[in-house]
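Here is a short report for someone meeting this structure for the first time. Look over the sequence and the 3D view, then read on.

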Amino acid sequence: MYLILFQALGVASVIAVVYFILRPRGKSAESGSNPPSIDYKPNDDSSPASKSIWHANKEKAEDDALPDPKPLLEFDLKTAKTRDYIYVNKTLRYPYYQTMAHQPMEIENWIEISSDYEWYLSEKKKVIESEGKKVLDSLPENDFACQELMETVVDWLPKRYPTLFDRLLRFEEERSYDGIFNKITGERFEWLDGSAPSGCEALTIISRLTECDFLMAKERDDGHVYFTGGLVAFPGFYLLSEKIDKPMSVVHAPVPQFNEKLLMSVERTLKRMLPSAPFERSSWEIVDDLNFYWHNIALLPQGGKVGVDPGELYLRIDRQTFRKLPKSRGIIFGVHPLVRKLSSLRQSPLLPALLHKIHTESSRDLIVYKAAEAYEDALLPWLEQCIKDQIQSGLIDGTEKLADFREYGK
Ligand code: HEM
């Protein structure tokens with residue numbers, strides 16, 4: 001009898017021990033490799049987003065690797081579009097406050113490729129050739145992060161876009177090689193395994209692969225985050241060379257309310273960010289040409305006005321992604337500038353009303369920072385006419401809540 005009980009207890013304890021070792025570990029095991037899902041509810045912009053991201057992040061283990069992106073097997077470059085950032089990422093929002101407005105990022109959305117891919121790459125090449133270190137540079141402390149970033153891009157692109165890129169992995173004469181073949185440009189980049197290019201050479205390779213710019217930052221021993229290099233061919237209105245080696249407070253000095261309202265949360269978020277929990281945000285401005293390197297509007301003298309009709313202006317949205325590289329701990333800030341002519345937004349329900357409200361009712365310093373003084377005298381009456389047209393055609397009735405504009409745009 002005792003023997004049977006003893007044996008049963010023995011079996012039970014073995015089962016208990018095995019279960020204890022193999023059990024799923026709370027939330028981090030449940031959410032596993034998937035970042036938390038994105039919540040597009042309107043109206044929650046005012047919440048301190050940094051808190052939610054931090055709570056999402058801290059549920060993941062430090063060494064929790066990101067999953068591979070799902071492949072786009074049918075991807076057709078001719079018709080390719082990015083997500084519509086007017087509706088994604090809370091880019092345009094009302095009321096418009098200076099907030100971090102960042103969201104967890106699905107790994108699939110790290111780098112997007114559009115039908116304008118070749119245009120972006122050739123513009124970028126011209127800018128890099130003519131501007132050199134003003135747009136592409138790396139401090140010695142950042143060189144390894146450039147290598148890790150390039151290796152990450154080279155690993156990610158063929159997995160996400162197998163119709164556009166081949167990973168070149170081969171073993172020949174007792175040596176192994178790594179690299180990538182870009183099927184669109186016909187360019188091939190290869191190196192001996194273990195000797196991947198680093199620093200500016202790595203950044204130049206990246207510039208031949210994606211539409212995005214990459215700003216890079218690092219936490220230094222003083223506990224602050226510094227701009228340590230990057231590939232910034234399309235800044236629009238500033239230069240990498242003016243910002244490199246500067247802490248976040250100095251980098252963002254021209255941005256109204258940044259140092260008072262955002263600096264602490266931004267630095268804390270960037271330092272705590274885990275490699276397994278990337279995030280994204282977007283910024284917007286209105287520009288008067290497609291010179292992504294340096295817009296005409298940014299060159300106007302004090303009091304100068306843009307020379308094009310409001311419908312010919314562009315809404316430029318900089319879609320921004322943030323990742324932490326696991327080995328170098330480099331902070332990677334990807335920027336993909338996307339533009340839409342304002343005339344193309346005439347039929348988008350509530351958008352003219354939203355742009356009008358943002359320009360007339362937001363804190364004036366934010367709007368002046370966006371160079372609105374150069375276009376608002378012409379833009380505001382134009383938007384008012386668009387609103388009247390939308391009401392007259394029955395597209396809107398004029399009583400809708402602007403904060404809900406995303407619900408009408410889909
Ligand atoms: C969570 C992190 C960050 C947030 C929330 C943030 C926020 C902002 C905001 C609000 C602006 C003004 C443009 C806009 O309306 O968006 C801005 C501009 C800028 N940011 Fe950041 N930023 C972050 C991280 C970084 C990092 C890591 C870098 C550099 C490595 C950087 C470099 C810049 C630069 C160069 C500008 C243009 C400043 C100018 O007008 O001269 N930012 N940022």
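The text below goes from the overall picture to the ligand, the cores and a few single residues.

## Overview and confidence

This is a predicted model. The protein has 13 helices and 11 strands. Of its 410 residues, 34% are buried. Among contacts with a separation of 6 or more, 73% link residues 24 or more positions apart.

The average pLDDT is 87, and 84% of the residues score at least 70. Two stretches fall below 50. Residues 1-6 are one of them, with pLDDT below 50 and 0 contacts beyond near neighbours in sequence. Residues 11-51 also have pLDDT below 50, but this stretch has 38 contacts in the model beyond near neighbours in sequence.

## Around the ligand

The ligand is surrounded by 18 residues. The closest are Met-100, Leu-215, Ala-217, Tyr-238 and Ser-283. By type, the shell divides into 13 nonpolar, 4 polar and 1 charged.

Strand S7 (213-219), helix H9 (258-272) and strand S11 (331-341) each supply at least two residues of this shell. H9 gives the most, with 4 residues.

Ala-217, one of the closest residues to the ligand, sits in strand S7. Ala-217 counts as buried because 20 or more other C-beta atoms within 10 Å are needed, and Ala-217 has 24 C-beta neighbours inside 10 Å. Leaving out residues up to four places away in sequence, Ala-217 touches Val-225, Tyr-226, Phe-227, Thr-228, Leu-270, Ile-331 and Phe-333. Ile-244 is 27 residues from Ala-217 along the chain, and their C-alpha atoms are separated by 9.2 Å.

## The nonpolar cores

The largest nonpolar core holds 49 residues. Leu-149, Ile-206 and Phe-214 touch the most other members. Helix H4 (117-131), helix H5 (143-160), helix H6 (199-207), S7, strand S8 (225-231), helix H8 (248-251) and S11 each supply at least two residues of this core. H5 gives the most, with 7 residues. Apart from this core lies another, of 29 residues, among them Leu-350, Leu-355, Ile-358 and Cys-386.

S7 and S11 each supply at least two residues of the ligand shell. They each supply at least two residues of the largest core as well.

What does Leu-149 touch, not counting residues up to four places away in sequence? The list is Ala-202, Ile-206, Phe-214, Leu-325, Gly-330 and Ile-332.

## Two helices of the core

H5 has 18 residues. From its first C-alpha to its last, H5 reaches 26 Å, close to the 26 Å expected at 1.5 Å a residue. H5 is mostly covered, with 13 of its 18 residues buried.

In H6, the buried residues are Ala-202, Leu-203, Ile-205, Ile-206 and Ser-207. Their cover includes H4, strand S2 (136-138), H5, strand S6 (187-192), S7 and S8. Two of these buried residues, Ala-202 and Ile-206, are touched by Leu-149.

Arg-208 lies in the loop between H6 and S7. Is Arg-208 buried or partly exposed? With 15 other C-beta atoms within 10 Å, Arg-208 is partly exposed. Arg-208 touches Leu-121, Asn-182, Thr-185 and Glu-187, not counting residues up to four places away in sequence. Glu-187 is 21 residues from Arg-208 in sequence, and the two are 8.2 Å apart in space, C-alpha to C-alpha.

## Backbone details in the loops

A cis peptide bond joins Tyr-94 and Pro-95, with omega about 0°. Pro-95 is in the loop between helix H3 (49-58) and strand S1 (103-104).

Two residues have a positive phi although neither is a glycine: Lys-90 and Glu-173. The table sets them out.

| Residue | Phi | Loop | C-beta atoms within 10 Å |
|---|---|---|---|
| Lys-90 | about 55° | between H3 and S1 | 20, buried |
| Glu-173 | about 45° | between strand S4 (170-172) and strand S5 (175-182) | 4, exposed |

Lys-90 counts as buried because it has 20 C-beta neighbours inside 10 Å. Glu-173 has 4 other C-beta atoms within 10 Å, so Glu-173 is exposed.

Technical notes
Residues are numbered from 1 along each chain as its sequence is written. This is a predicted model: local features need pLDDT of at least 70, side-chain atom pairs count only at pLDDT 80 or more; totals for chains, interfaces and linings use all residues. A residue is near a molecule or strand if its C-beta atom, placed from the backbone, lies within 6 Å of it. Ala, Val, Leu, Ile, Met, Phe, Trp, Tyr, Cys and Pro count as nonpolar, Asp, Glu, Lys and Arg as charged, and the others, Gly among them, as polar. A nonpolar core is a set of buried Ala, Val, Leu, Ile, Met, Phe, Trp, Tyr and Cys residues joined through C-beta atoms within 7 Å. A residue is buried if 20 or more other C-beta atoms lie within 10 Å of its own, exposed if 12 or fewer, and partly exposed in between; C-beta atoms are placed from the backbone. Two residues are in contact if their C-beta atoms, placed from the backbone, lie within 7 Å. pLDDT is the predictor's confidence in each residue, from 0 to 100. The expected span of a helix is 1.5 Å times one less than its number of residues.
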